[in-house]
Amino acid sequence: FGAIPLGAPNGTALLSIDELTHIAMERASTALEAVELMGRLAVEYGFYGAGEFEGTAESLGVTDPDEAWIFHILPDPTGTSAIWAAQRVPENGLAV
């Protein structure tokens, strides 16, 4: 399933991964704050993925000097919200 951006015919979702990233970089002081903010905004305002070729889900590494998180997100089945999860990368851990 996927979502259509607001402004397009039948559009239901406001935010892409690019927009979420820009907002988080402007407003968050830590990686955890960024992850929580992106998830909260996507649930409230809707998330749409890049398109059919790349799929509608996204994965993003979010870091600060003290910790790193992996953030996964996709549109919900209604196309008006989002499903997301994040996991902290442990110290001395790595993510691929």
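A residue counts as exposed when its relative accessible area is over 50% and as buried when that area is under 20%, with partly exposed in between. These cut-offs are worth keeping in mind for the predicted model described here. Asn 10 offers a ready example: its relative accessible area is 69%, so it is exposed.

The overall architecture is a convenient place to start. The chain contains two helices and three strands, and these follow one another in the order α-α-β-β-β from the N terminus. For 96 residues the globule rule gives 12 Å, and the radius of gyration of the chain, 13 Å, is close to that value, so the chain is as compact as a globular protein of that length. Measuring along the principal axes, a box of roughly 45 × 25 × 20 Å holds the C-alpha atoms. Of the 96 residues, 33% are buried. Among contacts in the chain with a separation of 6 or more, 51% join residues that lie 24 or more positions apart.

The helices come next. Two packed helices are described by the angle between their axes and the distance between the axes. Here, helix α1 spans residues 17–27 and helix α2 spans residues 31–45. Their axes come within 9 Å of each other and cross at roughly 135°. The two helices are therefore oblique to each other, and their crossing is right-handed. On the α1 side, the contact is made by Leu 20, Thr 21, Ile 23, Ala 24 and Arg 27, which meet Ala 34, Leu 37, Met 38, Leu 41 and Ala 42 of α2. By character, eight of the residues in this contact are nonpolar, one is polar and one is charged.

Another residue of helix α2 is Leu 32. Leu 32 has a relative accessible area of 31%, so it is partly exposed. Once residues up to four places away in sequence are set aside, Leu 32 touches Glu 67 and Trp 69. The C-alpha atom of Leu 32 is also 8.2 Å from that of Val 62, a residue 30 places away along the chain.

Tyr 48 sits in the loop that runs between α2 and β1, the latter covering residues 58–63. With a relative accessible area of 16%, below the 20% cut-off, Tyr 48 is buried. Its contacts, leaving aside neighbours within four places in sequence, include Ala 3, Ile 4 and Pro 5, along with Ala 13, Leu 14, Leu 15 and Ser 16. Ile 17, Glu 19 and Pro 75 also touch Tyr 48. By contrast, a C-alpha separation of 24 Å lies between Tyr 48 and Arg 88, which are 40 residues apart along the chain.

Two asparagines round off the description through their backbone geometry. Asn 10, the exposed residue introduced at the outset, belongs to the segment before α1. Although Asn 10 is not a glycine, its phi is positive, at about 65°. Asn 92 is placed in the segment after β3, the strand formed by residues 82–89. Asn 92 likewise is not a glycine and has a positive phi of about 65°. With a relative accessibility of 80%, Asn 92 counts as exposed.

Key: Residues numbered from 1 in each chain as written. Predicted model: local features only at pLDDT ≥ 70, side-chain atom pairs only at ≥ 80, totals over all residues. Heavy atoms only, no water. Axes fitted to C-alpha atoms, helices over the stretch in contact; angles between N-to-C directions. Helix = DSSP H or I, 4+ residues; strand = E, 2+ residues; numbered from the N terminus. Parallel < 35°, antiparallel > 145°, perpendicular 65-115°, else oblique. Left-handed = near helix turned anticlockwise from the far one by under 90°. Contact = heavy atoms within 4.5 Å. Nonpolar A, V, L, I, M, F, W, Y, C, P; charged D, E, K, R; others polar. Rg over C-alpha atoms; globule rule 2.2 N^0.38 Å. Buried < 20%, exposed > 50% of the residue type's maximum accessible area, 1.4 Å probe, protein only.
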